[in-house]
Amino acid sequence: MAATIKDVAKLAGVAVSTVSYAMNNSPKISEETRRKVFLAAKELNFRPSGAARNLKKRKTQTIGLFLYDLGGPFYSQVIEGVQEVVASHGFNLVVCSTYGGESSSAHRFMVEQFVDGAIIMGSSISDSLILQVASESFPIVVLDRELKGEYVHNVLITYEQGAYDAVSHLIKLGRRNIEFLSGPLTSFDNSLRYNGYKRALEEYGLPVPKKISMFGRCLEVGGYQAAKVMLAGSQLPDAIFSANDEMAIGSIRAMSEIGVRVPDDIAVVGFDNINIGPYVNPPLTTIGHSKYEVGAIATQLMFSAQREGNSILLPTQLIVRDSCGYKESLNG
């Protein structure tokens, strides 16, 4: 059985990415490390693949889009924006999941550079790896974090301001006990949305809950289950701000099953403006932003291959529908 790059890394006592650097004559590693890698490769009779040798010459004509989740309405529109710009440059697109961390296909594509550049929306790929592999021949754009480095670009959304606008709107409608329906606490985007929620409560003089009590994992079923738990309690909120629309929709379903009226009893506001939002009952108030634009701008940044990293900040907007109770407020 032929030796692999992982076998060489193990024998040389270095990371797989270090072997890749050595094989591509990268200045990021020392001559001593390079020599150690080549001795190990010689002992194992390892030969780098033709694809790997061609990457530095940008011959794959392929861009990698690495996402934590390949399903869901949010990601489909990001993919559409990336695909259109990639195609306009005559390149191909590979989309794969970052789920599984170092064992994921995305991680391998990064380490061995099987594509000519990457757009990343998944925290499973570490900052250190991104900074290590980014180069003129392998530019990277990140969508879910702020990261500074050569040939590393950022596309960000005003998540905190959007959340602030959503919660402020609920407060102006007379809601005073507003729960935050949270996604994963480790999520960069979720933390920004929580910060906006907290800032709005503080600025309007309302108490901030000591801890987050509703967790929905950014899934519709998660929002449904979180709402079920909340509804079993003795004290109910008069509004829910959800970190994404899918959880908001799940929570509305849970409330409708036991006769809790939205928005009369509990108002609901989501985030992301997914396509199904206007068609749920009641239609979902949300924070909108252009997911297609996120993908398209990220891809344009990657093709620019500029050494100095760029940061693009895209705006959000409040989209008012029936679930927040604005009609009730106007009539009252």
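In which helix does Thr-18 lie? The legends below answer this question and describe further close-up views of a predicted model.

**Figure 1. Overview of the predicted chain.** The secondary structure consists of 13 helices and twelve strands. Along the principal axes, the C-alpha atoms occupy a box of roughly 80 × 40 × 35 Å. The chain has 332 residues, and 52% of them are buried. When contacts between residues at least 6 apart in sequence are considered, 69% join residues at least 24 apart. The accessible surface comes to about 15600 Å², and carbon and sulfur atoms account for 50% of this area. The chain carries 32 positive and 33 negative charges, and the mean positions of these two sets are 7 Å apart.

**Figure 2. Thr-18 and Thr-33, two threonines in contact.** Thr-18 lies in helix H2, which covers residues 16–23, whereas Thr-33 belongs to helix H3, residues 31–44. Thr-18 has a relative accessible area of 11% and is therefore buried, the limit for a buried residue being under 20%. Apart from neighbours within four places in sequence, Thr-18 is in contact with Ile-29 and Thr-33. With residues up to four places away likewise left out, Thr-33 touches Val-14 as well as Thr-18. The side chain of Thr-33 also makes a polar contact with the side chain of Ser-30, at 2.9 Å.

**Figure 3. Helix H9 and its surroundings.** Helix H9 runs from residue 188 to residue 203 and has 16 residues. From its first C-alpha to its last, H9 reaches 23 Å, close to the 22 Å expected at 1.5 Å a residue. At the start of H9, a side-chain oxygen of Ser-187 comes to within 3.4 Å of the backbone nitrogen of Asp-189. After H9 comes Gly-205, which has a positive phi near 75°. The buried residues of the helix are Asp-189, Asn-190, Leu-192, Arg-193, Tyr-194, Gly-196, Tyr-197, Ala-200 and Leu-201. An α-helix has 3.6 residues a turn, so residues three or four places apart point the same way. The cover over the buried residues of H9 includes helix H8 (159–172) and the strands S3 (118–121), S6 (178–182) and S8 (239–242).

**Figure 4. Asp-189 within helix H9.** Is Asp-189 buried or exposed? Its relative accessibility is 10%, so Asp-189 counts as buried. Which residues does Asp-189 touch, not counting those up to four places away in sequence? They are Met-121, Asp-144 and Tyr-159. Asp-189 and Leu-143 are 46 residues apart along the chain, and their C-alpha atoms are separated by 9.6 Å.

**Figure 5. Val-115 in a loop before strand S3.** Val-115 is found in the loop between helix H6 (105–112) and strand S3. This residue is buried, because its relative accessible area is 1% and a buried residue has under 20%. Val-115 is 22 residues from Ser-137 in sequence, while in space the two are 9.8 Å apart, C-alpha to C-alpha.

**Figure 6. Two cis peptide bonds, each ending at a proline.** One cis peptide bond joins Val-262 and Pro-263, with omega about 10°. Pro-263 is placed in the loop between helix H11 (245–257) and strand S9 (267–269). Another cis peptide bond joins Asn-281 and Pro-282, and here omega is about 0°. Pro-282 is placed in the loop between S9 and strand S10 (286–288).

**Figure 7. Asp-272 and Asn-273, residues with positive phi.** Asp-272 is found in the loop between S9 and S10, and Asn-273 is also placed in the loop between S9 and S10. Although Asp-272 is not a glycine, its phi is positive, at about 115°. Asn-273, again a residue other than glycine, has a positive phi near 55°. Are these residues buried or partly exposed? Asp-272 counts as buried because its relative accessibility is 6%. Asn-273, at 21% relative accessibility, counts as partly exposed, since the buried class is limited to values under 20%.

Key
Residues are numbered from 1 along each chain as its sequence is written. This is a predicted model: local features need pLDDT of at least 70, side-chain atom pairs count only at pLDDT 80 or more; totals for chains, interfaces and linings use all residues. Side-chain values use heavy atoms; hydrogens and water are left out. Helices (H or I, at least four residues) and strands (E, at least two) are DSSP runs, numbered from the N terminus. Buried means under 20% relative accessible area, exposed over 50%, partly exposed in between (1.4 Å probe, protein chains only). Contact means heavy atoms within 4.5 Å. Accessible areas come from the Shrake-Rupley method with a 1.4 Å probe; for residues, only the protein chains shown count as cover. Lys and Arg count as positive and Asp and Glu as negative; His and the chain ends are not counted. The place of a charge is taken as NZ of Lys, CZ of Arg, CG of Asp or CD of Glu. A polar contact is a pair of N or O atoms within 3.5 Å; within protein, one must be able to donate a hydrogen and the other to accept it, and residues adjacent in sequence count only if both atoms are side-chain atoms. The expected span of a helix is 1.5 Å times one less than its number of residues.
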